[in-house]
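Here are some exercises to work through with the structure open beside you. Try each task on your own, then walk through the solution.

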Amino acid sequence: MSTLTELSLSEVTTGLRHGNFSSRELAQAYLERIERLDPTLHTFLTLTPELALVQADQADQLLSDWRKNGGAAPSPLLGIPLAVKDILCVAGVRCTCGSRILENFIPPYNATSVARLRQAGMIILGKTNTDEFAMGSSTENSAYGVTHNPWDLSRVPGGSSGGSAAAVAAGLAPLALGTDTGGSVRQPASLCGVTGLKPTYGRVSRYGLVAFGSSLDVVGVFGHSAADAALVFAQMAGQDTLDATSVELPIPEFQPDASTEPSLHGLRVGVPGEYFITGMQPEVEAAIHQAITILEELGAVIQPVSLPHTQYALPVYYLIAPAEASANLARYDGVRYGPRQPAEVMWDVFRHTRGELFGPEVKRRIMLGTYALSAGYYDAYYGQAQKVRTLIKRDFDQAFTQVNLIATPATPNTAFRIGEHADDPLSMYLEDIFTLPANLAGVPGIAFPVGFDSKGLPIGMQLTAASFQEDLLFRAAHAYQQATDWHTRRPSLNQS
Amino acid sequence: MPNDIIPAMTLTIEQVEHIANLARLELSASEKERMSQQLSAILDYVNRLQSLDTAGIPPTSSVLPPRSVLRLDEPHPGLDLETLLRNAPETEADQFRVPPVLD
């Protein structure tokens, strides 16, 4: 039944409803493909086959009841497998956050995003690899080994949600959850040739998302198309009493089938010159311009727009995110969870547990954040970064008075080689230069494939919209995907 | 002005040790050395923010407009003790057990 993993999501939903195959058969097909390919790719840290089959049987029961008794159509996600980044809690399933400091942590509750998708009947296949505590752009900072890019095994999948992006790209899961603090959904989506959504800050509950940068963190989703991602988004979005920053606002419905002819008439798309920098891969730049031309052919009006403080996003991010991380990660002290390094007095337990079990990038960011918040430096570093964050947000506010969407490359380069940025953290940070600003401004963004470079590596475009206008992202990306077939390309892994 | 208080960045080993102590991180000698070099380079890069005039610009700590998130203070069932203690490295009498705080 391995061909089940090659069907589109809508074909799967239809097949399940008609009883052409069962959710159990679907889950088994994915589990078999994972068993065959994941020893090479290493996208999963924990597999949950028993759990998946129990959940699949429940879905099959609901589907069979519905076929027998009729009634309202079940959720299109009922019985569909899902991979979950190993930084979102699934009750009873180990959650490592890619860190040795949580190597045996079993969360007693579900993240709200996970709970809502379970409510729709999704099946959990397992937990995917991530840079330690989502700090990184390649999964090389995972304590459990790197994930390989399905398009070229010598290259990274991007990060930090690299396991989820690679799992979807390789057909090991039709949909996967990620998190995006500075680009951790959009950058790996771009490097793996899949569609990745970062919702507006506050749109999806962060409850059960292990905190990194609390003013920046968002739960996002990977799929093969904007329409697929929109289904998961609609199910998990919305206010949650367990997250005080989740927002009570209506979620505009995106209906891909509403019109037979996808048209972008009436939409203005801004192209900011600040995102076309010297040093970026020329093939990326060319592909983005080509994709913008297609948006124009679909009816959008293209116009230049300016985001003048773009060059400051990276320094602002690398003060604010580490500052928030240094506070959030104070909880890992070997007292309530995780292994403990023994010592005579408690202070030494803290120091040795943290010193021994955190990896180099996490230590670097804790140090950077602690420094930026320390007495004498707070105003000059953290305080100044928060003010410049205001200027970056104002850039977006101003731009969105002129245009509905902003089109940019998602990354300056296609996937880089494993080890290419080792020992040079700053050069790694620069890979996220186009995705960081949306997190600082809180606005939603989507990345999707718009071509391939001469090495056969996917190129991703990013669209951003004003806060809470995810429906515009879906509309534009869906129209593009109706007009092109980049998103249907798959890496050739079956022989390996 | 911020420019006056931040010279070209070099984070000394002593400063690294001070920050590591604040963060409760035990670092080896080679880690301190590497941290000094890498943090100095990163701080040098982020120092470009100092050139921006931000007089009169309010700081952004959250992108969401401030609003009340108060709710009624009503008791409701939470996780039970056994569940909460299950992940702890050491427990005793329904509590987290730690070594002495004082020498």
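**Exercise 1. A helix crossing**

In which hand, left or right, does H9(A) pass H12(A) in their crossing? Describe how the two helices fit together in this predicted model.

*Solution.*
- Start with the geometry: H9(A) covers residues 313-328 and H12(A) covers residues 379-399, and the two pack at about 125 degrees with their axes 9 Å apart.
- Next, put a word to that angle. Angles of 65 to 115 degrees count as roughly perpendicular and those over 145 as roughly antiparallel, so H9(A) and H12(A) come out as oblique to each other.
- Now the hand: H9(A) passes H12(A) in a left-handed crossing.
- Then look at who meets whom. On the H9(A) side you'll find Ala313(A), Val316(A), Leu319(A), Ile320(A) and Ala323(A), and on the H12(A) side the partners include Tyr381(A), Ala385(A), Arg389(A) and Ile392(A).
- Finally, sort this contact by class: 10 residues are nonpolar, 1 is polar and 1 is charged.

**Exercise 2. Follow one residue outward**

Which residues is Val316(A) in contact with, leaving aside its neighbours within four places in sequence? Place Val316(A) in the core as well.

*Solution.*
- Begin with the contacts: Val316(A) touches Ala385(A), Val388(A), Arg389(A), Ile392(A), Leu440(A) and, over in chain B, Leu49(B), once neighbours within four places in sequence are set aside.
- Now zoom out to the largest nonpolar core, which has 176 residues; Val316(A), Leu82(A) and Ala476(A) are the members that touch the most others.
- H9(A) is the element that gives the most to this core, with 10 residues.
- As a bit of background, nonpolar side chains in soluble globular proteins tend to be buried together.

**Exercise 3. Where the chains meet**

How many residues of chain B are in contact with chain A? Find out which parts of chain B do the touching.

*Solution.*
- The count first: 46 residues of chain B contact 55 residues of chain A.
- Three helices of chain B, H1 (2-5), H2 (13-22) and H3 (29-46), each bring at least two residues to the side that touches chain A.
- H3(B) gives the most to that side, with 7 residues.
- By class, that side of chain B has 31 nonpolar, 8 polar and 7 charged residues.
- Now pick out one helix pair across the chains: the axes of H9(A) and H3(B) come within 9 Å and cross at roughly 125 degrees, which makes H9(A) and H3(B) oblique to each other.
- Pro315(A), Tyr318(A) and Leu319(A) make this contact from H9(A), while Ile42(B), Tyr45(B) and Val46(B) make it from H3(B).
- The class tally here is 6 nonpolar, no polar and no charged residues.

**Exercise 4. Another helix pair**

At what angle do H8(A) and H15(A) pack?

*Solution.*
- H8(A), residues 282-297, and H15(A), residues 470-483, pack at about 95 degrees, and their axes are 10 Å apart.
- That angle makes H8(A) roughly perpendicular to H15(A).
- Ala291(A), Ile294(A) and Leu295(A) of H8(A) meet Ala476(A), Tyr480(A) and Ala483(A) of H15(A).
- Split by class, the contact has 6 nonpolar residues, no polar ones and no charged ones.

**Exercise 5. Unusual backbone spots**

Which residues does a cis peptide bond join? Check two positive phi values too.

*Solution.*
- Recall the usual picture: most residues other than glycine have a negative phi, and most peptide bonds are trans.
- The cis bond joins Gly159(A) and Ser160(A), with omega about 10 degrees. Ser160(A) sits in the loop between S3 (123-128) and H5 (162-169) of chain A.
- Phe133(A) is in the loop between S3 and H5 of chain A too. Its phi is positive, about 50 degrees, though Phe133(A) is not a glycine.
- Cys97(A), also not a glycine, has a positive phi of about 55 degrees. You'll find Cys97(A) in the loop between S2 (81-85) and H4 (112-119) of chain A.

**Exercise 6. Buried or exposed?**

Is Glu14(B) buried or exposed? Do the same for Leu26(A).

*Solution.*
- The cut-offs are 20 or more other C-beta atoms within 10 Å for buried and 12 or fewer for exposed.
- Glu14(B), in H2 of chain B, has 9 such atoms, so Glu14(B) is exposed.
- Leu26(A), in H2 (residues 23-41) of chain A, has 26, so Leu26(A) is buried.

Methods: Residues are numbered from 1 along each chain as its sequence is written. Chains are lettered from A and ligands numbered from 1 in the order in which they are written. This is a predicted model: local features need pLDDT of at least 70, side-chain atom pairs count only at pLDDT 80 or more; totals for chains, interfaces and linings use all residues. Two residues are in contact if their C-beta atoms, placed from the backbone, lie within 7 Å. Helices (H or I, at least four residues) and strands (E, at least two) are DSSP runs, numbered from the N terminus. Ala, Val, Leu, Ile, Met, Phe, Trp, Tyr, Cys and Pro count as nonpolar, Asp, Glu, Lys and Arg as charged, and the others, Gly among them, as polar. Axes are lines fitted to C-alpha atoms, for helices over the stretch in contact, and angles run from 0 to 180 degrees between N-to-C directions. Angles under 35 degrees count as roughly parallel, over 145 as roughly antiparallel, 65 to 115 as roughly perpendicular and the rest as oblique. A crossing is left-handed if the near helix is turned anticlockwise from the far one by less than a right angle, and right-handed if clockwise. A nonpolar core is a set of buried Ala, Val, Leu, Ile, Met, Phe, Trp, Tyr and Cys residues joined through C-beta atoms within 7 Å.
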